[in-house]
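Me: I'm new to reading structures, and I'd love a close look at the aromatic rings. Please start from one ring and work outwards, explaining each term as you go.

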Amino acid sequence: MKKITRRTVLRASGLAAASLALSGCAPAGSACVGNGFSDWLKQTFGKDSAASSESAEAAAPDAGTPDAGAASEPPAESADTSLPAYNADPLTGEPRRSNGRMVGVMVNNISNTQRQNARPQRGIGSADLLIESKVEGGISRFCAVYYDANAIPEVGPLRSGRDQFLQLLMPWQALYYHDGESAPCTKFINVYNYSGLNIGGKSYFNTPTHPHVAHRDSRGRNVAYEHTEFTSGAEIQKAAANAGIGLQYPYESTFFRFADYRTGAENKMSGAAAAKTINIVHSDSYKTTFSYNRWDHLYKMSMYSRAAGAFENTVDELTGKQLGFTNLLVCFAGIADYPGNSGGVQQVDYVSGGEAYFFTRGAVQHGTWQKASPEHPLKVYAADGSEICFNRGKTYLAIVDDDEWQNFNYQ
């Protein structure tokens, strides 16, 4: 019943946040959204795009201005006033390395055939946060999030933006970098006044655009042209300069609640059930697994390749090293096609929240996650209502369809 209820909410109400963000008509000539989508928007919300945009702009912070509401207290267990001020990296919880703005880059993950194959990707091993969720046709995609543009190597193949990733970045005033985007993604950008931090978008709904800077590299392989585009920190900085976007931002809180670096604290997961192997299914052909290495406390990542017909280690092509993460967070959510002729583009029911599984130090903690609106950060809670404590380091975040819950397992 839980899955049916969530899907009913997703399809009937269209999400409380999306009722604002997606009210309006489809762009003329859009290959992504058809008349059915436009009719659904009008019938569901009964208001036009301009009215929605005006109300959102009045309520939303400017895309280039720090959000005073982003401030938070340091970890509760470290209230010792003799400690220096808490000044952690927003993505890892380590001592802050810079005052740079977070940058999220959309990275292709297709692996269906020899020509339709983006793997191995470049630069994803340098990301502090790697987000994976399915986008359409059962295919999953990555958003590689970096603490600073200066920390970004060559990365790609670059791919188009989707709102399920954008919504996770919006509360952090992160730069969102990609090549193209779905019409629903543009609508979120339009209504929430986020075009000032969106590079590589579309002009649907008369939304201002900022061109991306990238380069092509077939890597000597017979792959489709759409899987050959790469960018880099230098190119991202050039695109940001062209758009007049500042790449510094005074973060006053962290993406997750981290163990305090000032005291050397860590979450040892005392009494938690063991979880050395985790299997996540996004769809029949897109499956991600992790194996815990107790020597370096990292979960090593592998993915199923339909092109190879087997699981393969997920490596960064630049280094040849397998990706490893200190923390894994799996959030289950209602996921379904946007209504009408949307080309199977997926929408995520963030407003309803859901079950969460947190993995670190070879153990698991079951809890819940919440995200009240696109402008609210994702929060993860333990059974007692306290915010789950992440260990300092890199995190993999999976947004997984409720329908795949029965295929998820760990041991």
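**A walk from one ring**

Reply: Tyr249 is our starting point, and it counts as buried because its relative accessibility is 4%. Buried means under 20% relative accessible area, exposed means over 50%, and partly exposed lies in between (1.4 Å probe, protein chains only). Keep in mind that this is a predicted model, where local features need pLDDT of at least 70 and side-chain atom pairs count only at pLDDT 80 or more, while totals for chains, interfaces and linings use all residues. Residues are numbered from 1 along each chain as its sequence is written, and side-chain values use heavy atoms, with hydrogens and water left out.

Now for the ring pairs. Rings of Phe, Tyr and Trp (its six-membered ring) pair if their centres lie within 6.5 Å; planes under 30 degrees apart are stacked, those over 60 are edge-to-face, and the rest are tilted. That rule gives 24 aromatic pairs. In one of them, Tyr249 meets Tyr251 in a tilted arrangement, with 4.5 Å from centre to centre and 50 degrees between the planes. Tyr251 is buried too, at a relative accessible area of 6%. Ring pairs tie these two tyrosines into a cluster with Trp172, Phe255, Phe256, Phe258, Phe358 and Phe390.

Another kind of ring contact involves charge. A charge sits over a ring if NZ of Lys or CZ of Arg is within 6 Å of the ring centre and within 35 degrees of the ring normal. The charged end of Arg97 does this with Tyr147, 3.6 Å from the ring centre. Arg294 places its charged end over the ring of Trp295, 4.1 Å from the centre.

Aromatic residues also turn up in strands. Helices (H or I, at least four residues) and strands (E, at least two) are DSSP runs numbered from the N terminus. Strand β3 covers residues 139-146, and eight of its eight residues are buried, so this strand is largely enclosed by the rest of the structure. Phe142 and Tyr146 point the same way from β3 as Ser140 and Ala144, while Ile139, Arg141, Cys143 and Val145 point the other way.

Two strands pair if DSSP finds at least two bridges between them. Strand β2 (residues 129-136) pairs with β3 in the antiparallel sense over seven bridges, and Ser133 has Arg141 as its bridge partner in β3. In the hairpin of β2 and β3, two residues lie between the strands, and Gly137 takes a positive phi near 60 degrees.
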